[in-house]
Amino acid sequence: MNKKEQEVIELIRKNPYLSQQEMADSLQMSRPSLANLISGLIRQGKIAGRAYILPDEGTVVCIGGANVDRKFWLEKTAQMGTSNPAAVSGSVGGVARNVAENLGRMGHRVKLMSIAGNDPEWKLIEETSSPFMDTELTKTQNDLSTGTYTAILEPDGEMILAMADMAIYDSLTVEYVKRHETALMAAAFLVIDLNCPKETVRYVQELAKTRNIPLAVIPVSTPKIDRLGEDLAGITWLILNKGEAERFLSIKIDSPEAWKNAATRILGHGAGNVVITAGKEGVMAGNRERISHFAAIDVPELLDVTGAGDAFSSGIIHSYLKDHPFEKIIQTGLINAAKTLQSESTVRTELSAMQLQIELEELL
């Protein structure tokens with residue numbers, strides 16, 4: 001920024017509600033000249049619109065699911081059509097919320113935008129989440145119930161079935177999200193999961209594109225990939241699994257070549273970076289410069305797959321915000337996912353930016 005632009009920013013920082021004429025008088029310049037300066041600052045992303053909103057430096061806004069997770073751990077391999085002995089545990093979850101907690105534990109300023117019922121489940125989520133994120137953008141409604149997710153896990157930790165009551169997220173409408181447009185425009189990074197309706201996803205995508213705000217989209221499940229439009233322009237990171245990629249492209253990914261081709265085709269729809277995960281097979285990730293396969297990190301003892309995908313996405317976002325090279329960005333996601341697979345917690349409690357860096361150095 002030049003000196004005049006810096007002076008404009010400082011004036012707005014002190015009082016964002018000054019008129020252009022008042023700012024022009026203060027800076028001893030004409031109002032048209034000031035208007036040109038402000039237009040330039042908006043294009044640069046230094047100002048996010050009236051009332052001249054300054055970017056909330058470093059803040060990530062996560063939009064989507066915040067629910068209560070319940071896990072049933074089977075004592076023996078599942079037998080269909082009969083009762084199976086199991087132990088049950090509960091924790092807070094939701095893709096957007098899990099990503100927010102991961103990022104919060106890594107030292108980022110995070111805001112969660114979701115919707116919940118005015119019930120004990122939301123109180124549990126809020127109490128558990130508040131040390132790691134700001135929940136002021138999440139509203140409660142008396143006539144709705146907080147979302148719940150129930151997973152049934154084999155003794156080795158592999159998930160055999162999951163059930164989700166996510167009807168509440170249909171109320172994450174464009175009108176609902178628009179109430180917090182100022183917070184979105186001021187964000188340094190946006191994350192949205194596909195618990196949100198298709199129209200809401202499109203609105204956030206267009207806002208990110210117009211305002212030049214990095215955006216990550218996380219599909220959540222294969223059926224919900226249909227909430228993603230054909231045009232992916234404005235999406236900086238699209239992080240999906242093989243099944244979701246197959247559904248989006250209406251193809252079968254049955255070879256490494258098909259896997260790489262799927263990434264190429266998705267990039268052709270306008271996404272900046274695409275990552276297609278495949279569990280133990282690793283990930284195929286790339287952008288217009290190159291597409292590469294990254295091997296999964298060996299996990300000596302798998303305790304629970306729940307939350308590993310969210311940890312992977314969070315590692316990518318964290319490393320991207322640190323301006324790391326592409327390969328390190330993907331490796332950061334892989335190591336965070338691998339360590340989460342070895343934890344009984346959906347978001348591992350020992351996570352921090354320093355801990356992740358140590359683990360990454362050991363890997364590389």
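The following questions and answers examine how several features of this predicted model are classified.

Q: Why is helix α4 called oblique to helix α11?
A: Helix α4 (residues 95-105) and helix α11 (residues 308-321) pack at an angle of about 50°, and their axes are 9 Å apart. Angles under 35 degrees count as roughly parallel and 65 to 115 as roughly perpendicular. The angle of about 50° falls in neither range, so α4 is oblique to α11. The crossing of these two helices, α4 and α11, is right-handed.

Q: Which residues make the contact between α4 and α11?
A: From α4, the residues are Val95, Asn98, Val99, Asn102 and Leu103. In α11 they meet Asp310, Ala311, Ser314, Ile317 and His318. By class, this contact of α4 with α11 has five nonpolar, four polar and one charged residues.

Q: Why are α12 and α13 described as roughly perpendicular to each other?
A: Helix α12 (residues 326-341) and helix α13 (residues 353-363) pack at an angle of about 105°, with their axes 10 Å apart. Angles of 65 to 115 degrees count as roughly perpendicular. The value of about 105° lies in that range, and α12 and α13 are therefore roughly perpendicular.

Q: What makes up the contact between α12 and α13?
A: On the α12 side are Lys328, Gln331, Thr332, Ile335, Asn336 and Lys339. On the α13 side are Leu356, Gln357, Glu359, Leu360 and Leu363. The residues of this contact of α12 with α13 divide into four nonpolar, four polar and three charged.

Q: How do you know that helix α9 is mostly covered?
A: Six of the eight residues of α9 (residues 242-249) are buried. These buried residues of α9 are Lys242, Glu244, Ala245, Glu246, Phe248 and Leu249. What covers them includes β11 (237-241), α10 (256-267) and β12.

Q: What is found at the start of α9 and just after α9?
A: At the start of α9, a side-chain oxygen of Asn241 reaches to within 3.1 Å of the backbone nitrogen of Gly243. Just after α9, Ser250 takes a positive phi of about 55°.

Q: Why are α9 and α10 called oblique to each other?
A: The axes of α9 and α10 cross at roughly 55° and come within 11 Å. Roughly parallel requires an angle under 35 degrees, and roughly perpendicular one of 65 to 115. An angle of roughly 55° meets neither condition, and α9 and α10 are therefore oblique. The crossing of α9 and α10 is left-handed.

Q: Which residues of α9 and α10 meet?
A: Lys242, Ala245, Phe248 and Leu249 in α9 meet Trp259, Ala262, Arg265 and Ile266 in α10. The contact of α9 with α10 divides into six nonpolar, no polar and two charged residues.

Q: Why does Lys71 count as buried or exposed?
A: Lys71 lies in strand β2 (residues 67-74). The relative accessible area of Lys71 is 4%. Buried means under 20%, so Lys71 is buried. The side chains of Lys71 and Thr346 are joined by a polar contact of 3.2 Å.

Q: Why does Lys280 count as buried or exposed?
A: Lys280 is found in the loop between β12 (273-277) and β13 (283-286). Its relative accessibility is 75%. Exposed means over 50%, so Lys280 counts as exposed. Leaving aside neighbours within four places in sequence, Lys280 is in contact with Glu158 and Ala296.

Q: How far is Lys280 from Thr135?
A: The C-alpha atoms of Lys280 and Thr135 are separated by 34 Å, and the two residues are 145 residues apart along the chain.

Q: What makes the phi of Gln28 and of Val220 worth noting?
A: Most residues other than glycine have a negative phi. Gln28 is not a glycine, yet has a positive phi of about 55°. Val220, also not a glycine, has a positive phi of about 90°.

Q: Why do Gln28 and Val220 count as buried, partly exposed or exposed?
A: Gln28, in the loop between α2 (20-27) and α3 (31-43), has 74% relative accessibility. Exposed means over 50%, so Gln28 counts as exposed. Val220, in the loop between β10 (215-218) and β11, has 32% relative accessibility. Partly exposed lies between buried, under 20%, and exposed, over 50%, so Val220 counts as partly exposed.

Notes. Residues are numbered from 1 along each chain as its sequence is written. This is a predicted model: local features need pLDDT of at least 70, side-chain atom pairs count only at pLDDT 80 or more; totals for chains, interfaces and linings use all residues. Side-chain values use heavy atoms; hydrogens and water are left out. Axes are lines fitted to C-alpha atoms, for helices over the stretch in contact, and angles run from 0 to 180 degrees between N-to-C directions. Helices (H or I, at least four residues) and strands (E, at least two) are DSSP runs, numbered from the N terminus. Angles under 35 degrees count as roughly parallel, over 145 as roughly antiparallel, 65 to 115 as roughly perpendicular and the rest as oblique. A crossing is left-handed if the near helix is turned anticlockwise from the far one by less than a right angle, and right-handed if clockwise. Contact means heavy atoms within 4.5 Å. Ala, Val, Leu, Ile, Met, Phe, Trp, Tyr, Cys and Pro count as nonpolar, Asp, Glu, Lys and Arg as charged, and the others, Gly among them, as polar. Buried means under 20% relative accessible area, exposed over 50%, partly exposed in between (1.4 Å probe, protein chains only). A polar contact is a pair of N or O atoms within 3.5 Å; within protein, one must be able to donate a hydrogen and the other to accept it, and residues adjacent in sequence count only if both atoms are side-chain atoms.
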